[in-house]
Amino acid sequence: MSRRAVNPSRRLADNGSLPLSGALHQKPRTSPLLPIGLVVLGAFLLIAYSYGGLGGFGGARDVSRIGEDVSCTSEVIQAIPFLKKAYGDSMQKVLHVGPETCSVVSKLLKEEGIEAWGIEPYDLEDPDSSCKSLVRKGVVRVADIKFPLPYRPKSFSLVLVSDALDYLSPKYLNKTLPDLARVSSDGLVIFAGYPGQQRAKASELSKFGKPAKLRSSTWWIRYFVQTSLEENEAAAKKFEQAVNKRSYKPSCQVFHLSSSQ
């Protein structure tokens, strides 16, 4: 459930009414301009608050983070400029794994110097002509990620994963994560939901099979250590610097992992 932001103008108006009420007890007759002035001041503060909270790029991200329906696949698309700054030449051959992968692959292919492929872990529902074309060309494949991916080791420089691992139990994560790292030469980036977010609506459960298991960053970090997956500290630092320059706050957790050697 979304939290309702406190309206500072109302708070100021309520606090401002205390001395005014005391003055009314002493002087029944007050100037009519005073209440009008308070209304104008309250309206001004309300406009300023709204602009400051939603006008900036970071403010919009905070709102989406606590929303009921958040897509980490959409987050990948927004993060592409920052990923390019963090990974540089490692963005030459990219594999995206997750639902709606056609949209991510199409966006990546529009970027100069990037070759992109996609794995759709669930059945495609009503794909558009562009997505059908990517599937016919073999650029996008429908595959169950609980089984080994149909690629040789280090087939891609970078692997991006979104809205896929949240639906896997640790039993399958133990197989899937190392396999994702296997097909990457320079790194693995995981976009995972925050606890409390709604990942799949009731109407979509038939597609995903089960509700998402949203884990905390502490859980993920502990799991990475247990599976011998190390953080890509250099890429993580560059990514953080890039997003901070734009005051961008991802609505999903982002983990940068080194590929297996």
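The legends below describe close-up views of a predicted model.

**Figure 1. Overview of the predicted protein, with ten helices and six strands.** The chain has 261 residues, of which 39% count as buried. Among contacts with a separation of 6 or more, 75% are made by residues 24 or more positions apart. The exposed area comes to about 15,200 Å², and carbon and sulfur atoms supply 55% of it.

**Figure 2. The open sheet, with its six strands in the order β3-β2-β1-β4-β5-β6.** The pairing in this sheet is mixed. Its edges are formed by β3 (140-142) and β6, each of which pairs on one side only. On average, neighbouring strands are turned by 15° against each other, direction ignored. Strands of a sheet pair through backbone hydrogen bonds, in either the parallel or the antiparallel sense. Both senses can be followed here: β1 (residues 93-97) and β4 (residues 158-162) run parallel and are joined by four bridges, whereas β5 and β6 are antiparallel and pair over five bridges.

**Figure 3. Two helices that lie across the sheet, α4 and α7.** Helix α4 lies across β1, β4, β5 (188-192) and β6. Its direction is at about 145° to that of β5. Helix α7 (residues 170-182) lies across β1, β4 and β5, and runs at about 140° to β5.

**Figure 4. Histidine 96 in strand β1.** Is histidine 96 buried or exposed? Its relative accessibility is 0%, so histidine 96 counts as buried. The bridge partner of histidine 96 in β4 is leucine 160. Leu160 is also among the residues in contact with histidine 96 once neighbours within four places in sequence are left aside. The other contacts of histidine 96 on that basis are Thr73, Val76, Thr101, Val104, Trp117, Gly118, Ile119 and Ser162.

**Figure 5. Strand β6, an edge strand of the sheet.** Although β6 pairs on one side only, five of its five residues are buried, so the strand is largely enclosed by the rest of the structure. In a regular strand the side chains alternate between the two faces of the sheet. Both faces of β6 are covered. Gln253, Phe255 and Leu257 are buried on one side, and Val254 and His256 are buried on the other. Histidine 256 of β6 is the bridge partner of valine 189.

**Figure 6. Helix α10 (residues 233-245) and its buried face.** At 1.5 Å a residue, the 13 residues of α10 should span 18 Å, and the end C-alpha atoms are 18 Å apart, which agrees. Which residues of α10 are buried? They are Ala235, Ala236, Phe239, Ala242 and Val243. Seen down the axis of α10, these buried residues fall within an arc of 130°, so they line one face of the helix. Their cover includes α4 (72-87) and β6 (253-257). On the other side of α10, the residues Glu233, Lys237, Asn244 and Lys245 are exposed.

**Figure 7. Positive phi values at serine 247, serine 228 and aspartate 163.** Most residues other than glycine have a negative phi. Serine 247 follows α10 and has a positive phi near 50°. Serine 228 lies in the loop between α9 (217-226) and α10. Its phi is positive, at about 60°, although serine 228 is not a glycine. Serine 228 is exposed, with a relative accessible area of 64%. Aspartate 163 is in the loop between β4 and α7, and its phi is near 55°, again a positive value in a residue other than glycine. The relative accessibility of aspartate 163 is 9%, below the 20% cut-off, so aspartate 163 counts as buried.

**Figure 8. Aspartate 89 in the loop between α4 and β1.** The relative accessible area of aspartate 89 is 63%; because this is over 50%, the residue is exposed. Aspartate 89 and leucine 158 are 69 residues apart along the chain, and their C-alpha atoms are separated by 9.9 Å.

Conventions: Residues numbered from 1 in each chain as written. Predicted model: local features only at pLDDT ≥ 70, side-chain atom pairs only at ≥ 80, totals over all residues. Heavy atoms only, no water. Expected span 1.5 Å × (residues − 1). Buried < 20%, exposed > 50% of the residue type's maximum accessible area, 1.4 Å probe, protein only. Arc of directions from axis to C-beta. Contact = heavy atoms within 4.5 Å. Pairing = 2+ DSSP bridges. Axes fitted to C-alpha atoms, helices over the stretch in contact; angles between N-to-C directions. Areas by Shrake-Rupley, 256 points an atom, 1.4 Å probe, with all protein chains shown as cover.
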